[in-house]
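Biologist: Got a minute to go through this one with me? I'd like to know how the labels get assigned.

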Amino acid sequence: MPAPARRRGGSGTGASSNPASLLDSAAAAATDPCSQKVQVIVRLKPLANGVVSLVTPDPDDAAHAVRLPGTMPDEQLVFPFDAVLGERSSQADVFEAVGAGLLARAMQGRNATVFAYGQTGAGKTHTIVGKGRDDPGLLPRVVRALLDGVATADDTGRGSVAAAWLECYQDKLYDLRNRKSALELYGDRNCTKVQGLSFLDIKDFDHFQREHDAAWKARATAATRLNVNSSRSHFVLQLNAIFTRDGKVYTPKLNICDLAGSENNKRTGNSGERMNESKAINRSLFELGRVVEALNRGQANVSYRNSVLTRLLQDALGGSAYAAVLACLSGDDLAETLSTLKFGAKCRTIQNTVVV
């Protein structure tokens, strides 16, 4: 992993990113067919009034780097990323910075995955799902655009999009539309599938929203000290599209993932079943970190099979899919913030061989 830059002196203003420059960089990435490394976009969560975030956009390059205090007096650690979305960024900014790249690859017939990563309470679910129809997150925006894109691109009038909702709860996969028994994974790095997962043909966006709302309610959530509606599982929406253009059939697959956040049980106050859930979440994130570390070091053997989560994300981490990571930061805990930044920095070095 490239080491973060270290600077001494000067505190700067920590001004928010310029949305216009972020949109320009996102558009460039979306049209670059040679861009195969995992893209990492950082989003900073606004904190309560009077609380100062430990992490800020870097004044020298606010659109592509963040900084936080180092261990030495007046030292600043600077982490470069593909884009930085400041505390004032909107859900539309997230879509332009991340969703544009996903959709560009999908309409080329390529598989694509995005997952939100960060400590509990860092704004991952808000970024992915949003707050209803008045402030939709990345997921509904991508679905609406994909439905429109397939309808426009298809030459036959028979293009379609199918969706499936699943969660990884205590290292087992469940279909959120039919949560009876755990599902099994099969396949390899280039094609991982869930056996028995039910897909629903989407008629239009309103149809999708109704089905999504019902599936989302089945996801495991509970209150902790840090989050009144804490995710107790990793959530994945799978979208399978099919369309014909110029006589060629395209079948891209998109994964949109809201990962449960890493938890410090002393801070969350977990006990009993919440503690068991927390252990499973932290263990799966630990295995995800091991996979990223192994890929970062160029190791020949990567332990995808140690966790259901890493097997599910296998084609996005060193596989054949385009991948983007949304690293969400709350900036209120130095250790957690630094851990997320280091994870994102390592992900940026992973090379995928994106194929149609």
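Modeller: Sure. What covers the buried residues of α5 includes α4 (138-153), β10 (160-169), β14 (200-201) and β17 (234-245), where contact means heavy atoms within 4.5 Å. This is a predicted model, so local features need pLDDT of at least 70 and side-chain atom pairs pLDDT 80 or more, while totals for chains, interfaces and linings use all residues. Residues are numbered from 1 along each chain as its sequence is written, and side-chain values use heavy atoms, with hydrogens and water left out.

Biologist: Which residues of α5 are buried?

Modeller: F205, H207, F208, Q209, H212 and A215. Buried means under 20% relative accessible area, exposed over 50%, and partly exposed in between, using a 1.4 Å probe on protein chains only.

Biologist: How do you know that the span of helix α5 agrees with the expected one?

Modeller: Helices are DSSP runs of H or I with at least four residues, strands are E runs of at least two, and both are numbered from the N terminus. The expected span is 1.5 Å times one less than the number of residues. For the 13 residues of α5 (205-217) that gives 18 Å, and the end C-alpha atoms are 18 Å apart, so the two agree.

Biologist: What makes D74 count as exposed?

Modeller: Its relative accessible area is 57%, so D74 is exposed by the cut-off. D74 sits in the loop between β4 (65-69) and β5 (75-80), and its phi is positive, near 65°.

Biologist: Why is D246 called exposed?

Modeller: D246 has a relative accessible area of 72%, so the exposed label applies. D246 lies in the loop between β17 and β18 (248-250), with a positive phi of about 55° although it isn't a glycine.
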